[in-house]
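Welcome! Here is a short tour for anyone meeting this structure for the first time. Take a look at the sequence and the model, then read on.

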Amino acid sequence: MNTVRILSILAVACLAAAPALAQMKAPPPPPQAPLAAPAPNQAREAPPGGPPQTDPLTRDFRECIQKAQAAMQEKKADDPVAILGCLTGELKRQEARLTSATQKLSKIMPAEGRKRLDVANADWRRFRGSECNLIADENGPPPANLENANCRLRMTTMRALDIDGSANMLARQEAAMKAQREAGPATATPPAAAPPAPAPAPAPAK
């Protein structure tokens, strides 16, 4: 079993998707506004002029993977139990992020929109289960269970990013509409009154 290859697929898949989603959903930076320096292990280098790109995977997951890899190198043997623990632990954290993002989006949606969101999330969870079970059996022996957990983590991470981005976009639209309503209609400046026409000169006496 090539555990290192599975981990590489996981890292590349998650991190490759994050910049595209973050750039699509994030608001454009204000003109000539300096970007804040990213905190260590919190953001990766962004393209010039673009917003900072946050690593969607947590530090806990990175540290867990590093420890598992170091132990495997020392033992010169795979440790699927440790790897699965890293994957399932991060899946729980990403599920919590998805729940938080969904709650944030629900608060700014109308009642009908919340119903559609609930249906969409239920459909997505069924799709995630079917898709990842197609890739590998969740209850199968290694590496099948690792590949399935890898799939679930990747899809959940992307879903959390997508829902959070939708919430941010909708919040910006609501704020812009509120500001427009508070500003009221623009008052047109009335044109300046024309000066009165001069009275005709009296006719000369004969």
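One term will help from the start: a residue is called buried when its relative accessible area is under 20%, exposed when it is over 50%, and partly exposed in between. Cysteine 64 has a relative accessibility of 27%, so it counts as partly exposed. Keep in mind throughout that this is a predicted model.

**The overall layout**

The protein contains five helices and two strands. Following the sequence from its start, you meet them in the order α-β-β-α-α-α-α. Of the 206 residues in the protein, 30% are buried. The protein exposes about 13600 Å², and carbon and sulfur atoms supply 60% of that area. Among contacts in the protein with a separation of 6 or more, 70% are between residues 24 or more positions apart.

**Two nonpolar cores**

In soluble globular proteins, nonpolar side chains tend to be buried together. The largest nonpolar core here has 12 residues, including Leu98, Met109, Trp124, Met155 and Ile163. Helix 3 (80-107), helix 4 (111-135) and helix 5 (144-183) each give at least two residues to this core. Helix 5 provides the largest share, with five residues. Apart from this core lies another one of 11 residues, and Phe61, Met72, Cys86 and Ala149 are among them.

Isoleucine 163 is a good place to look at the largest core from within, since it is one of that core's members. Leaving aside neighbours within four places in sequence, isoleucine 163 is in contact with Leu98, Ala101, Thr102, Leu105, Leu117 and Asn121.

The last residue in that list, asparagine 121, deserves a visit too. Is asparagine 121 buried or exposed? With a relative accessible area of 13%, asparagine 121 is buried. This asparagine sits in helix 4. Not counting residues up to four places away in sequence, asparagine 121 touches Thr102, Arg159 and Ile163.

**The disulfides**

A disulfide is a covalent bond between the sulfur atoms of two cysteines. How many disulfides does the structure hold? There are two, and the table sets them side by side.

| Disulfide | S to S distance | Torsion about the S-S bond |
|---|---|---|
| Cysteine 64 and cysteine 86 | 2.0 Å | about -85° |
| Cysteine 132 and cysteine 151 | 2.1 Å | -75° |

Start with the link between cysteine 64 and cysteine 86. The torsion about its S-S bond is about -85°, so this disulfide is left-handed. Cysteine 64 lies in helix 2 (residues 59-75) and cysteine 86 in helix 3, so that the pair, 22 residues apart, links distant parts of the chain. While cysteine 64 is partly exposed, cysteine 86 is buried, with 2% relative accessibility.

Now turn to cysteine 132 and cysteine 151, whose link is left-handed, with -75° about the S-S bond. This pair also connects distant parts of the chain: cysteine 132 belongs to helix 4 and cysteine 151 to helix 5, 19 residues apart. Cysteine 132 and cysteine 151 are both buried, and both appear in the largest nonpolar core.

What is the pairing when the bonded cysteines are numbered in sequence order? The pairing is 1-2, 3-4.

Key. Residues numbered from 1 in each chain as written. Predicted model: local features only at pLDDT ≥ 70, side-chain atom pairs only at ≥ 80, totals over all residues. Heavy atoms only, no water. Helix = DSSP H or I, 4+ residues; strand = E, 2+ residues; numbered from the N terminus. Buried < 20%, exposed > 50% of the residue type's maximum accessible area, 1.4 Å probe, protein only. Contact = heavy atoms within 4.5 Å. Areas by Shrake-Rupley, 256 points an atom, 1.4 Å probe, with all protein chains shown as cover. Core = buried A, V, L, I, M, F, W, Y, C linked by side-chain atoms within 4.5 Å. Disulfide = S-S within 2.5 Å.
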